[in-house]
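Visitor: I'd like a close look at a single part of this protein, with enough of the surroundings to place it. Here is the structure I have in mind.

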Amino acid sequence: MSDELFDLQVGYVKFSNPIALAPMAGITNSEFANTHAQNAGLAVIGGYNLDSETNAAASKLVERGREEFITGSPLEFLEKEVKAVDIDGAVAFNVRSTTLDPLLKAAEIIKEAGYILELDAHCRQEEMVSIGVGEALIKDQPRLAEWISKIKEIGVVLSVKVRANVVDDIALVRVIEKAGADILHLDAMKEGAGADLSAILRVRDSSRIFLIGNNSVLDFDDAKEMFSRGADMVSVSRGVLQDPHLIDDLVDEVTLLQEQMGWYNSPKHVCRGEGDLRGLAFCCLPVKPCAVHNKAGQLGYSPREFANIKMEFAKGTPLEFGDSTCFGSLVWCCKISKPCYLRDGVLDLLDLSAADYMKLKKDLATYILDNAKKPVNES
């Protein structure tokens, strides 16, 4: 598959598609990735314990029936795993340590291989939290920010995996982004069953960091729900244990969607109350009170300024046309998945495909965000 279909890249890492394998301690090693994630855009493996303290905590976890990777020579073990993984997509290594130095050494190994380091700020097991790793990091944000900053000095592409609804998610993501992390891997966990899709939406509306959504993705409908709230990528874990072909199926379906629609993670409409800020690309002219005023206001736009910025983008593009549409221009028209004979009639006249129309809308969304008076990470 061509990397250009999705045009996904973070630093020196390109992703062929937006489907990822999520880490599962004691399960997702190089062998597991080689078997189950050959076609994934990203395989995040681990978590790997990088010092004696985390390995000792892992041993306690194993004693009570959990699975863990345990070794007396952590960095040598990591190097072997780096060399052993052999998949078509990108690779990330989820790691834990009670001190910074092993993380820096791991970052050097992983960067040299052209891979991604993922800092585990996610594990909630008491044996790990009590020694200051996993979830303890998101409760000690000055330390988390310092570690992110120091790791980034190595030059490695850095992901941070966290769990939603533990601390203030918006404050947390801003700390992570400001410190310099490249990727946020968000477990959208909530009480009860299913993923907290509102957590994905909240994070997307407060940050422009590359966002991987995780939790309860068992089929493509689940993936689309996360994509439409702003996830750039979705990761799967337990679902792969239930269905070894899950990643392959998700890749096939998201590829077909991208080919047909041109914007695989296009947002829901703002007026439905579920669309993130990117959904402003589909909003009508703000001539009456509606949800668009609030969303545009989050970016510092007055209604007139919002109208002007959209029309400014439309000049010289096919979105400029559409006299027969509701507001006289395709720039105000909705998502292609919503039936509209007026919009579709103009697309036919212009010989503009649905995918090309949606690609223009994606560019429009980026333009709106880029020119905001109040940037997303400050709104």
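In which helix is the place of His 36? Start there, please, and then work outwards.

Guide: One caveat before we zoom in: this is a predicted model. The place of His 36 is in helix H1, which covers residues 30–36. With a relative accessible area of 18%, under the 20% cut-off, His 36 counts as buried. Set aside the neighbours within four places in sequence, and His 36 is in contact with Val 240, Pro 244 and Ile 247.

Moving along the chain, we get to strand S4, residues 42–49, and to Ala 43 in that strand. Ala 43 has a relative accessible area of 0%, so it is buried. Again leaving out neighbours within four places in sequence, Ala 43 is in contact with Leu 21, Ala 33 and Ala 37, and also with Ile 87, Ala 90, Val 91 and Ala 92. Lys 14, on the other hand, is 29 residues from Ala 43 along the chain, and 13 Å separates their C-alpha atoms.

Stay with S4 a little longer, as there's a backbone detail to check. Gly 46 and Gly 47 are joined by a cis peptide bond, with omega at about 0°. Gly 47 is itself found in strand S4.

For other backbone details, go to the segment before S1, where Asp 7 lies. Asp 7 isn't a glycine, yet its phi is positive, about 50°. Its relative accessibility is 62%, so Asp 7 counts as exposed. Leu 8 is found in strand S1, residues 8–10, and this residue is buried, with a relative accessible area of 10%. From Leu 8 to Pro 18 is ten residues along the chain, and their C-alpha atoms are separated by 7.8 Å. Ser 216 has a positive phi too, about 60°, and is not a glycine either. You'll find Ser 216 in the loop between strand S9 (210–214) and helix H9 (220–227). At 36% relative accessibility, Ser 216 counts as partly exposed.

Now for the packing. The largest nonpolar core has 123 residues, and the members touching the most others are Phe 15, Leu 42, Phe 93, Ile 176 and Phe 306. There is also a second, separate core of six residues, with Ala 58, Leu 61, Met 128 and Val 133 among them. Back in the largest core, take Ile 176: beyond four places in sequence, this residue is in contact with Leu 144, Ile 148, Val 160, Val 162, Ala 181, Leu 184 and Ile 209.

Finally, zoom all the way out. The protein has 15 helices and ten strands, and its C-alpha atoms fill a box of roughly 70 × 40 × 40 Å along the principal axes. Why does the radius of gyration agree with a compact globule? Because a compact globule of 379 residues would have a value near 21 Å, and this protein has 22 Å. Of those 379 residues, 56% count as buried. Among contacts with a separation of 6 or more, 65% come from residues 24 or more positions apart. The accessible surface comes to about 15800 Å², and carbon and sulfur atoms hold 49% of that. As for charges, there are 41 positive and 57 negative ones, and their mean positions are 7 Å apart.

Methods: Residues are numbered from 1 along each chain as its sequence is written. This is a predicted model: local features need pLDDT of at least 70, side-chain atom pairs count only at pLDDT 80 or more; totals for chains, interfaces and linings use all residues. Side-chain values use heavy atoms; hydrogens and water are left out. Helices (H or I, at least four residues) and strands (E, at least two) are DSSP runs, numbered from the N terminus. The radius of gyration is taken over C-alpha atoms; the globule rule is 2.2 Å times the number of residues to the power 0.38. Buried means under 20% relative accessible area, exposed over 50%, partly exposed in between (1.4 Å probe, protein chains only). Contact means heavy atoms within 4.5 Å. Accessible areas come from the Shrake-Rupley method with a 1.4 Å probe; for residues, only the protein chains shown count as cover. Lys and Arg count as positive and Asp and Glu as negative; His and the chain ends are not counted. The place of a charge is taken as NZ of Lys, CZ of Arg, CG of Asp or CD of Glu. A nonpolar core is a set of buried Ala, Val, Leu, Ile, Met, Phe, Trp, Tyr and Cys residues joined through side-chain atoms within 4.5 Å.
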